Amino acid sequence: MDLLQAIKQDIRITEFAQSRGFTLLRAGSEVTLKEHDSVRIDPEKNLFVRNADRKTAGSIIDFVMWVDGVNMPQAVSKLRGMLTYGPDYQPRPRAAYRKPKKELRLPEAATGKYSRVYAYLNKTRCIDNEVIAGLMKRRLLYEDDRHNCVFVGLDYNGAPAFATKRSTSTTVSYRGDASGSRKEVGFFVDNKAPALFVTEAPIDAMSIMTLLRENKRDPTNYSYLSLCGVADNALLYHIKKPENQGIRTIYLATDNDAAGNQAREQLRESLTNIGYAGKIVDKCPTVGKDWNEQLVSFRNPALLREQNQAVKPQLPPASEQQTFERGMDL
């Protein structure tokens, strides 16, 4: 390793800035200087940029040139004195940089009876009122002050650790996670059950609960995990917990589309890689793209046609209106 490489790797911009009397302030995953708030330092890459002109940027050598007003040879000379460099030089082990954890900021709850969320989930999404009420009672679902559905994931101390929002508007499709959410927690409805449904979205999980009720089955005989996407981190986080060692069957109930099909393969592989010994069952919807479309196709086919004007769903003929029953044949 040559001298310039050694300087750039071993001398941290943050440490040099502190030695010059600057005050470091956190700015998301970066660091800024109280005395020069246009400066952004990336501690992981050990690089900086000065947003005021975008021309002042680079490594620790460039930082010294800017701070001390010297040329490159002078900056290297200054930094050379801070480095024990010679034939036996060994680079300093690089500590892993960890982004600071943000605290979860739950959206402000609406006042009243959460009527907008009830109406949206029941009338538009055809979710059973008992399912909606049950999740609200467990504080896993509420309406925020902007009338979004808020689905809450709890950690193993029973504290909120994740929240994702879904608009109740039928004209504006909005969804997003609350600031500080721990994605690996996801939306987990823990019924201490021996079987687990894994879905992409909370509304899909609620749709499965409703279909089970329609089929005269008790949805609390299953637990439910919504990944709020297709990544495997939430599934692995929960299945590794000692509290969940009793889960002997996992239903991979992701969407019936390219992303959902690929996700089921990846989730199965991830479970196999960690040595999960239980039964893994592919359980994609048989009508429509996702479980909510399957539910709506059973409860209100005309509504599903209205919701999917651009792409007409393949609805079952009247003689096959029990399609949902085969779809829930466990």
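Strands β1 (residues 24-27) and β2 (residues 30-33) form a hairpin with two residues between them, and in its turn G28 has a positive phi of about 70°. Helices and strands here are DSSP runs, numbered from the N terminus: H or I over at least four residues for a helix, E over at least two for a strand. This is a predicted model, in which local features need pLDDT of at least 70 and side-chain atom pairs count only at pLDDT 80 or more, while totals for chains, interfaces and linings use all residues. Residues are numbered from 1 along each chain as its sequence is written, and side-chain values use heavy atoms, with hydrogens and water left out.

Let's stay with the hairpin for a moment. Strands β1 and β2 pair in the antiparallel sense over four bridges; two strands count as paired if DSSP finds at least two bridges between them. If you want to trace the register, L24 has L33 as its bridge partner in β2, and A27 has E30. The hairpin belongs to an open sheet of five strands with antiparallel pairing, in the order β1-β2-β3-β4-β5. Its edge strands are β1 and β5 (57-58), each of which pairs on one side only. Helix α3 (residues 60-68) lies across β2, β3 (36-42), β4 (47-50) and β5, and runs at about 40° to β4. Axes are lines fitted to C-alpha atoms, for helices over the stretch in contact, and the angles run from 0 to 180 degrees between N-to-C directions. Contact means heavy atoms within 4.5 Å.

Now move along to another sheet. Four strands form an open sheet with antiparallel pairing, in the order β6-β7-β8-β9. Strands β6 and β9 (175-177) stand at the edges with a single partner strand each, so one side of each has no neighbour in the sheet. From one strand to the next, the twist averages 20°. Within this sheet, β7 and β8 (residues 160-167) run antiparallel and are joined by seven bridges; one of the residue pairs is G153 with F162 in β8. Helix α5 packs on the sheet, touching β6, β7 and β8, and its direction makes about 120° with that of β6. Helix α7 also lies across β6, β7 and β8, running at about 85° to β7.

Two loops deserve a look for their backbone angles. Most residues other than glycine have a negative phi, and most peptide bonds are trans. C126 is not a glycine, yet has a positive phi of about 65°. You will find C126 in the loop between α5 (115-124) and α6 (129-137). Because its relative accessibility is 5%, C126 counts as buried; buried means under 20% relative accessible area, exposed over 50%, and partly exposed in between, using a 1.4 Å probe and protein chains only. H147, also not a glycine, has a positive phi of about 70°. H147 sits in the loop between β6 (141-143) and β7 (148-154), and its relative accessible area of 28% makes H147 partly exposed.

Helix α7 (residues 202-214) takes us to the next part of the fold. Together, β11, α7 and β12 make a right-handed β-α-β unit: with the strands pointing away from the viewer, the path from the first strand over the helix to the second runs clockwise. Strand β11 (residues 195-199) runs parallel to β12 and is joined to β12 by four bridges. Strand β10 (residues 187-189) runs antiparallel to β12, with three bridges between them. Where do V189 and F197 find their bridge partner in β12? The partner of V189 is Y224, and the partner of F197 is Y224 as well. Both faces of β12 (residues 223-226) are covered: S223 and L225 on one side, and Y224 and S226 on the other, are all buried.

Helix α7 also meets helix α10 (residues 291-299). Their axes come within 8 Å and cross at roughly 40°. That makes α7 oblique to α10, since angles under 35 degrees count as roughly parallel, over 145 as roughly antiparallel, 65 to 115 as roughly perpendicular and the rest as oblique. The crossing of α7 and α10 is left-handed, meaning that the near helix is turned anticlockwise from the far one by less than a right angle. Among the α7 residues in this contact are I203, I208 and L211, and the α10 side includes W291, L295 and F298.

Stepping back, the protein has 12 helices and 14 strands. Of its 330 residues, 46% count as buried.
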